[in-house]
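Trainee: Could you take me through one part of this structure slowly? I would like to look closely at the place where the ligand sits, and then at what lies beyond.

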Amino acid sequence: MKFFVDTAEIDAIAELNDLGMVDGVTTNPSLIMKSGRDILEVTKEICDLVDGPVSAEVVATEAEAMIAEGRKLAEIAENITVKVPLTWDGLKTCKTLSDEGRMVNVTLCFSANQALIAAKAGATFISPFIGRLDDINLDGCDLIEDIRTIYDNFGFETQVLAASIRTVNHVTECARIGADVITAPPEVIKKLAAHPLTDKGLEAFMADWAKTGQTIL
Ligand code: G3P
């Protein structure tokens, strides 16, 4: 399973990238706003840092303008993935840009039918939002499972990119179900290393080591 980082914070991406944890990056208008950076500048910096796909989202809502924005974003670097919302105009944009050979990430997906139609429109990635479904008392991971089954039934090559990941359990579930990619905030990725029994065990080892009076170096 690939790990994408869901942020436009360069330092956080660099830290995880140095550890080989970054297979790609996803951004959206809210993340650009949080970074306080210019979209074209920060996206270029991210593309220079990371080898894998970097999603940059269009903000127009009508196909013609979305396509124009998508083409402009795609000029930033070869690893740009144009991100479009799952609307009818977004699907038109997806079809046009994917026919031009560009990677497209169709975002704001909340149903299996939406995922099906995005695959038909040639999406490279589909981004179902797990956490936002959980927010309204649905099970976001059930959606990932449904999409996995449907794509496998028909051999769609669109990659399932589980998004709106809020917890480490979301990551475990996505890995179990077979999502192709998860995109998560840096703090969730870092939490994957944590376990209270690791901390407790290490504390006991350190206490016993101190009693030996030895050093290694
Ligand atoms: O990748 C989508 C993500 O940025 C949305 O996350 O937590 O705002 O639902 P969230």
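**A close look at the ligand site**

Mentor: Let's begin with one contact: a polar side-chain atom of Arg132 lies 2.6 Å from an oxygen atom of the ligand. Please keep in mind throughout that this is a predicted model. Arg166 does something similar, with a polar side-chain atom 2.7 Å from a ligand oxygen. Asn28 joins in too, as an N or O atom of its side chain is 3.0 Å from an oxygen atom of the ligand. How much of the ligand's area does the protein bury? Taken alone, the ligand exposes 310 Å², and the protein buries 81% of that.

Now let's see who else is there. The ligand is surrounded by Asp6, Asn28, Phe129, Arg132, Ala163, Ser164, Arg166 and Thr183. Pick out Ser164 from that group. You will find Ser164 in the loop between β7 (159-162) and α9 (168-177). Is Ser164 buried or exposed? Its relative accessibility is 10%, and the cut-off for buried is under 20%, so Ser164 counts as buried. Ser164 also reaches towards a residue you have already met: a polar atom of the Ser164 side chain lies 3.3 Å from the backbone nitrogen of Arg132. Arg132 therefore appears twice in our picture, with its side chain at the ligand and its backbone nitrogen by Ser164.

Phe129 is another residue around the ligand, and following its ring takes us outwards. The structure holds four aromatic pairs. In one of them, the rings of Phe110 and Phe129 have centres 5.7 Å apart and planes at 65°; an angle over 60 degrees counts as edge-to-face, so that is the name for this pair. Where do the two partners sit along the chain? Phe110 is in the loop between β5 (103-109) and α6 (112-120), while Phe129 is in the loop between β6 (125-128) and α7 (130-135). They are 19 residues apart, and the pair links distant parts of the chain. Phe129 is buried, with 8% relative accessibility, whereas Phe110 is partly exposed at 32%.

For another ring pair, turn to Phe154 and Phe156. Their ring centres are 6.3 Å apart and their planes meet at 55°, so this pair is tilted. Phe154 is exposed, with a relative accessible area of 62%, and Phe156 is partly exposed at 23%. Tyr151 belongs here as well, since ring pairs link Tyr151, Phe154 and Phe156 into a cluster.

Next, let's turn from rings to charges. Side chains of opposite charge can pair when their charged atoms come close. A search of the whole structure finds twelve salt bridges. One of them joins Glu100 to Arg71, with the closest N and O atoms 2.5 Å apart. Why does this pair tie together separate parts of the sequence? Glu100 lies in the loop between α5 (88-99) and β5, and Arg71 lies in helix α4 (residues 63-74), so the bridge connects parts that are 29 residues apart. Both partners are partly exposed, Glu100 at 35% relative accessibility and Arg71 at 34%. Arg102 comes into the picture too: Arg71, Glu100 and Arg102 are linked in a network of salt bridges.

Other salt bridges sit within a single helix. In helix α9, Arg176 and Glu173 are three residues apart, about one turn of the helix, and their side chains meet at 3.0 Å, N to O. Arg176 is exposed, with 53% relative accessibility, and Glu173 is partly exposed at 27%. Helix α11 offers another example: Lys211 and Asp208 both lie there, three residues apart, about one turn of the helix. The salt bridge between Lys211 and Asp208 spans 3.4 Å, N to O. Lys211 is exposed at 68%, while Asp208 counts as partly exposed at 43%.

Stay with helix α11 for one last stop. Phe205 is located in this helix, which covers residues 196-212, and Phe205 is exposed, with a relative accessible area of 59%. Which residues form the nonpolar patch on the surface? Leu202, Phe205, Met206, Trp209, Ile216 and Leu217 form it, and together they have about 780 Å² of accessible area.

Definitions and conventions. Residues numbered from 1 in each chain as written. Predicted model: local features only at pLDDT ≥ 70, side-chain atom pairs only at ≥ 80, totals over all residues. Heavy atoms only, no water. Phe/Tyr/Trp six-rings, centres within 6.5 Å; stacked < 30°, edge-to-face > 60°. Helix = DSSP H or I, 4+ residues; strand = E, 2+ residues; numbered from the N terminus. Buried < 20%, exposed > 50% of the residue type's maximum accessible area, 1.4 Å probe, protein only. Patch = residues over 30% accessible without salt bridge, like charges linked within 9 Å, V, L, I, M, F, W, Y side chains within 5 Å. Areas by Shrake-Rupley, 256 points an atom, 1.4 Å probe, with all protein chains shown as cover. Salt bridge = Lys/Arg side-chain N within 4 Å of Asp/Glu carboxyl O. Near = heavy atom within 4 Å. Polar contact = N/O pair within 3.5 Å; in protein donor to acceptor, adjacent residues only side chain to side chain.
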